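Open the model in your viewer and get ready to click around. We'll go from stop to stop, with something to select at each one.

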Amino acid sequence: MIFDIEVNNVSLKYKDFAALNNISFKLKGGQIYGLLGRNGAGKTSLLSLLASFRQPTAGNIKIGGETPFENADIMQHASFIYDKDYKDEWNKVSVMLKFAERYRLNFDMDYARQLVDRFKLPLNKPVNKLSKGMQSAMNVTIGLASRTPVIIFDEAYLGMDAPNREIFYKELLEEQSRQPRTMILSTHLVSEMDYLFDEVLIIDKGDLVLHKNYEDLVSSGFSITGDSNSVDTFVKGMQKLNEKELGNTKSVMVYGDLSEEMRLEGQRIGLEIGQVSLQDLFIYLTSEED
């Protein structure tokens, strides 16, 4: 079962604060989406709407063609994995897995036990006695083993060490290969996770800044470096994200299409043209203007 997601002119307000401003996009089912944004950009607000934790102030959301809010047929097919406060959770890890198995129709306990072994989770330890990293590993285990058609990970890696994060990424890709679903990952570890994404969405101050195929996005950012006058002439009319200058040498980051003819012309006049990472594009597409 694969669900598409449609977000149509969605806004969300908390009293006088606008968390989201008239956002619209469509997510095709069976792909992995990266949701990027600075702190306070509106990522968690958007994800909480997709997970049916609240209703939008305006607009509508469709999952599998249906409105998800208070719709049991849809809500049971969506998982929202986020950082929780477990200070009062005295149940053991094994009990938490049993709860998930009871309430998630497709929960695979055998797979959950495999993940427990991989993450070295102590089944008989109370959840509030686990380290932050182990709590995150438990959350990820429940999320992956639930095998819901829609799964949302909001900063799910918090506290996990590098080896466990690598296990998470590997399992996520293998799960997507075994049983495709619609996955949305919110993250600040852009350079570490970018290879996971089929498409990328960037939001900034409640606005959708960009929604693009990952390969197309990273092939649209370039650094142009060389003699200052030559660089200025070459990038005239382009969308400049950032520029640095040292003596007579200048480096400019641009966003947009760069034809093969333009690349050859840049090389002919002695310019160095390089690719820009998703992390750099994200930083400068959401940076404050001077």
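Which residues does Thr286 touch, not counting residues up to four places away in sequence? Select Thr286 and look around: the residues it touches are Arg38, Ile202 and Asp204. Keep in mind as you go that this is a predicted model.

**Stop 1: Thr286**

Stay on Thr286 a little longer. You'll find Thr286 in the segment after α11, a helix that covers 278–285. Thr286 counts as buried because its relative accessible area is 3%, and the cut-off for buried is under 20%. Now show the side chains of Thr286 and Arg38: a polar contact of 2.9 Å joins them. Then turn to Phe282, whose backbone oxygen sits 2.7 Å from a polar atom of the Thr286 side chain.

**Stop 2: the whole chain**

Zoom out. The C-alpha atoms fill a box of roughly 65 × 40 × 35 Å along the principal axes. Switch to a cartoon view and you have 11 helices and 13 strands to look through. Of the 290 residues in the chain, 48% are buried. Sequence distance matters here too: take the contacts between residues at least 6 apart in sequence, and 69% of them join residues at least 24 apart.

Next, colour by domain. Domain 1 is 5–214 and domain 2 is 220–286. Measuring between their centres over C-alpha atoms gives 36 Å.

**Stop 3: where the domains meet**

Select the residues in contact across the two domains: 14 in domain 1 and eight in domain 2. The two domains bury about 990 Å² between them, with 67% of that on carbon and sulfur atoms. On the domain 1 side, pick out Arg38, Val190 and Ile202, which lose the most area to domain 2 and together make up 41% of what that side buries. You met Arg38 and Ile202 at the first stop, as residues that Thr286 touches.

What kind of polar links cross over? There are zero salt bridges across this interface, but four residue pairs are in polar contact. To see which elements of domain 1 take part, highlight α7 (190–193), β8 (199–204) and β9 (207–213): each supplies at least two residues of the side that touches domain 2. Colour that side by class and you get eight nonpolar, two polar and four charged residues.

**Stop 4: Tyr214 and Ser220**

Select Tyr214, in helix α8 (residues 214–218). With a relative accessible area of 14%, Tyr214 is buried. Beyond its neighbours within four places in sequence, Tyr214 is in contact with several residues, among them Phe197, Val200 and Leu278.

Now move to Ser220, in the loop between α8 and β10 (221–227). Is Ser220 buried or exposed? Ser220 is buried, at a relative accessible area of 4%. Its contacts outside its sequence neighbourhood of four places include Lys212, Tyr255 and Gln275.

**Stop 5: two backbone oddities**

Most residues other than glycine have a negative phi. Select Glu70, which has a positive phi of about 55° although it is not a glycine. Glu70 is in the loop between β4 (58–63) and α2 (72–75), and it is exposed, with a relative accessible area of 68%. Then select Lys205, in the loop between β8 and β9. Phi of Lys205 is also positive, near 55°, and Lys205 counts as exposed at 52% relative accessibility.

**Stop 6: salt bridges**

How many salt bridges does the count come to? The answer is 15. Start with Lys132 and Asp83, whose side chains meet at 2.5 Å, N to O. This pair links distant parts of the chain, 49 residues apart: Lys132 is in helix α5 (residues 132–146), and Asp83 is in the loop between β5 (78–82) and α3 (93–103).

For a pair within one helix, select Arg268 and Glu265, with their closest N and O atoms 2.8 Å apart. Both lie in helix α10 (residues 260–268), three residues apart, about one turn of the helix. Arg268 is exposed at 61%, while Glu265 is partly exposed at 33%.

Finish with a network: salt bridges that share partners join Asp108, Arg118, Arg147, Lys170, Glu171, Glu174, Glu175, Arg178 and Arg181. Within it, Arg181 and Glu175 meet at 2.6 Å, N to O. Arg181 is buried at 1% relative accessible area, and Glu175 is buried at 0%.

Note on methods
Residues are numbered from 1 along each chain as its sequence is written. This is a predicted model: local features need pLDDT of at least 70, side-chain atom pairs count only at pLDDT 80 or more; totals for chains, interfaces and linings use all residues. Side-chain values use heavy atoms; hydrogens and water are left out. Domain bounds come from an automatic or database domain assignment. Contact means heavy atoms within 4.5 Å. Buried area is the accessible area (1.4 Å probe) that two parts lose on being put together, summed over both. A salt bridge is a side-chain nitrogen of Lys or Arg within 4 Å of a carboxyl oxygen of Asp or Glu. A polar contact is a pair of N or O atoms within 3.5 Å; within protein, one must be able to donate a hydrogen and the other to accept it, and residues adjacent in sequence count only if both atoms are side-chain atoms. Helices (H or I, at least four residues) and strands (E, at least two) are DSSP runs, numbered from the N terminus. Ala, Val, Leu, Ile, Met, Phe, Trp, Tyr, Cys and Pro count as nonpolar, Asp, Glu, Lys and Arg as charged, and the others, Gly among them, as polar. Buried means under 20% relative accessible area, exposed over 50%, partly exposed in between (1.4 Å probe, protein chains only).
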